[in-house]
Amino acid sequence: MSKNICFIDGLEGVLKYREVDINELVELPYDAVSYLLILGELPEEQELADYSARLHAGREINREVMDIIRMCNFNVDAMEALRTVISFISQFDPDLNDSSPEGNLRKAIRLIAIIPTIVAAYYRVSNGKDPVPPDPSLSHGANFLYMIKGSKPGPLEAELMEKDFILSAEHELNASTFSSRVTASTMSDLYSAVVSGLCTLKGPLHGGARAEVMNMLEEIASPENAEKFVLEKLEKRDKIMGFGHRVYKTYDPRGTIFKQLSKKLAESKGDMHWYETAEAVENVVIRELVEKRGKPIYPNVDFYSGVIYKYLEIPPQLATSIFAIGRVSGWIAHCFDQYEKKKIIRPRAFMLDEC
Ligand SMILES: CC(=O)SCCNC(=O)CCNC(=O)[C@H](O)C(C)(C)COP(=O)(O)OP(=O)(O)OC[C@H]1O[C@@H](n2cnc3c(N)ncnc32)[C@H](O)[C@@H]1OP(=O)(O)O
Ligand SMILES: O=C([O-])CC(=O)C(=O)O
C-alpha cells in the first residue's frame, strides 16, 4: 500500500500520487488530491462535495486558539507558531485517542482544514490586523489567500495557490514524511505525527529552503547580479538554495511546472523581474554544475515556488508553513498506511551511514 501513495522516477523526472501523474493532478482541486492521497481513490462528484464541506466546517478557530496565536512571537518563522498551536489544540480534540479509522479521518480533516486558518491568523495578527474568517464559497487555495489578504484573490492567483498546495502535497519518504511515519509507527496520535512532520519540514535543507530562496532572490536583486552571486557561492562550496535533490538526478517535474506557473504569473503582472532573476540563477547553476562539472543539480520544488510567493507578496516568514498546508495531506496518507501496518519503524544505526 505505501508504495502506492507515491511513485518517483528520479532519473526520468516522473512523479505520481496514487498512480496519477503530477501533470494531471495539478489540474484538479486540492480537495480532490487530498482525498485521493488519504482515501486512496479520486472522489466522485458527491464524495468531493462532502469532503470539501467537511473541510469548510473545520476551518473556524475559536477564541482560545486566537489567544494562543496572539501570545506567539511574531519575529520568528510562522512554523514556530504553527507547531505550537497544533500541539495546543490536540488536547481538545474529542477524537485525540480514538485510533479507529473513522476517528483518525475526523482528526485528519480537522488538521487539513485548520492549518491554513492558523497560518493566516498568525500572519494577520503579526501585522496588527484582525483575522479574516474563512469563506466557504472559496477553494482551499483561494480561501487561504483571502484569509491572509482580506480580499478575494483573482482567478490566476487562486489557481496558483491551489496548484502550489497540490505540488507540495506528497513526496514519498522525504524527511518530514519519514518523521511523521516514525511517530505514527509507535501508534502515537495523528496530531503528534503531524507535529513531527512540521518540525522536520522546517529545516533549510528541506521545506525551509523555500524561504531561503526568497531571501536569496532579494539579496541578488536583479538578473545581472546572478552570475557573480552563484560563482561566489560555488567558490566557497556553499549550496545554492532551491537546487539539488536526493532522488531526482534530472529536472524535478514539480520544479518544471512551478517554473511555467511563475512565468505566467509574472507576465500577468507585467513584471518579469523576479522570474528573470531566478532564471538567471538557474542558467548559471546549470552551466557551472551540470554542464561543466557533470553534477545533477537542477531546480527543486522550492525554487520557482519561492518566485511565485514573491509575486503573491507572501513574506519568507510564511513560506514553510504554506508548504505545510499542502504537505499535511501527504503526511496523513503515510500515517494511515503506517497505522494499518501496526509495525514500529526502528532502523539500525549503521543505516545512517547510507543516508
Ligand atoms: C522539499 C525539499 O526538501 S527539496 C530540497 C530543498 N533543499 C534545498 O534546496 C537545499 C539545497 N540542496 C541541498 O542541500 C541538497 O541538494 C539536498 C539536501 C536537497 C540533497 O542532498 P544530498 O542528496 O545529500 O546531496 P549532497 O548534499 O551530498 O550533495 C551532493 C553534491 O552535490 C553538491 N550540491 C548538492 N546540492 C547543491 C546545491 N544546492 N548547490 C550547490 N551544490 C550542491 C554538493 O556540494 C555535493 O558536491 P560534492 O560531491 O562535490 O561534495
Ligand atoms: O523528497 C525529498 O527528499 C524532498 C522533497 O522534494 C519533498 O519533500 O518534496
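How many Å separate the centres of domain 1 and domain 2? Keep that in mind while you get your viewer ready. One thing before we start: what you have open is a predicted model.

**Stop 1: the two domains**

Colour residues 2-203 together with 316-341 for domain 1, then pick another colour for 209-311, which is domain 2 according to the domain assignment. Taken over C-alpha atoms, the centres of domain 1 and domain 2 are 26 Å apart, and that settles the opening question.

Now look at where the two colours touch. On one side you have 19 residues of domain 1, and they are in contact with 22 residues of domain 2. Which elements give two or more residues to the domain 1 side? Select strand 2 (14-17), helix 9 and helix 17 (316-341), and you have them. Helix 9 gives the most, with six residues. If you colour the domain 1 side by class, you should get 12 nonpolar, four polar and three charged residues.

**Stop 2: helix 9 and its partner**

Stay with helix 9, residues 155-168, and add helix 8, residues 140-149. The two axes come within 7 Å and cross at roughly 115°. Why do we call helix 8 and helix 9 roughly perpendicular? Angles from 65 to 115 degrees count as roughly perpendicular, so helix 8 and helix 9 fall under that description. Their crossing is right-handed.

Show side chains here. From helix 8, pick His140, Gly141, Ala142, Phe144 and Leu145; the residues they meet in helix 9 are Glu157, Ala158, Met161, Glu162 and Phe165. By class, that contact holds six nonpolar, two polar and two charged residues.

**Stop 3: on to Glu172 and helix 10**

Follow the chain into the loop between helix 9 and helix 10 and click on Glu172. Its phi is near 50°, which is positive even though this residue is not a glycine. Is Glu172 buried or partly exposed? Count the other C-beta atoms within 10 Å and you get 18, so Glu172 is partly exposed.

Next, select helix 10, residues 175-185, where Ser176, Thr177, Ser179, Ser180, Arg181, Thr183 and Ala184 are buried. What do these buried residues pack against? Show helix 11 (190-201) and helix 17 to see their partners. Just after helix 10 comes Met187, with a positive phi of about 65°.

**Stop 4: back to the early part of the chain**

Jump to Arg18, in the loop between strand 2 and strand 3 (20-21). Arg18 is another non-glycine residue with a positive phi, near 50°. With 19 other C-beta atoms within 10 Å, Arg18 is partly exposed.

Now select helix 3, residues 30-39, which is mostly covered: eight of its 10 residues are buried. Among them are Tyr30, Val33, Leu36 and Ile38. Right after helix 3 sits Gly40, with a positive phi near 95°.

Add helix 4, residues 45-57: the axes of helix 3 and helix 4 come within 10 Å and cross at roughly 100°. Helix 3 and helix 4 are therefore roughly perpendicular to each other. To see the contact, show Asp31, Ala32 and Tyr35 on helix 3, then Leu48, Tyr51, Ser52 and Leu55 on helix 4. That contact has five nonpolar residues, one polar and one charged.

**Stop 5: an all-nonpolar contact**

Select helix 5 (residues 63-71) and helix 6 (residues 78-90), whose axes come within 10 Å and cross at roughly 150°. This crossing is right-handed. Val65, Ile68 and Ile69 from helix 5 meet Ala81, Val85, Phe88 and Ile89 from helix 6. What classes do you find here? There are seven nonpolar residues, with no polar and no charged ones.

**Last stop: Ile112**

Finish by selecting Ile112 in helix 7 (residues 101-126). Ile112 counts as buried because 27 C-beta neighbours lie inside 10 Å. Leave aside its neighbours within four places in sequence, and which residues is Ile112 in contact with? Light up Ser34, Leu55, Val328 and Ser329. You have already visited Ser34, one of the buried residues of helix 3, and Leu55, part of the helix 4 side of that contact.

For a final try with the distance tool, click the C-alpha atoms of Ile112 and Leu217: they are 105 residues apart along the chain and separated by 30 Å.

Conventions: Residues are numbered from 1 along each chain as its sequence is written. Chains are lettered from A and ligands numbered from 1 in the order in which they are written. This is a predicted model: local features need pLDDT of at least 70, side-chain atom pairs count only at pLDDT 80 or more; totals for chains, interfaces and linings use all residues. Axes are lines fitted to C-alpha atoms, for helices over the stretch in contact, and angles run from 0 to 180 degrees between N-to-C directions. Helices (H or I, at least four residues) and strands (E, at least two) are DSSP runs, numbered from the N terminus. Angles under 35 degrees count as roughly parallel, over 145 as roughly antiparallel, 65 to 115 as roughly perpendicular and the rest as oblique. A crossing is left-handed if the near helix is turned anticlockwise from the far one by less than a right angle, and right-handed if clockwise. Two residues are in contact if their C-beta atoms, placed from the backbone, lie within 7 Å. Ala, Val, Leu, Ile, Met, Phe, Trp, Tyr, Cys and Pro count as nonpolar, Asp, Glu, Lys and Arg as charged, and the others, Gly among them, as polar. A residue is buried if 20 or more other C-beta atoms lie within 10 Å of its own, exposed if 12 or fewer, and partly exposed in between; C-beta atoms are placed from the backbone. Domain bounds come from an automatic or database domain assignment.
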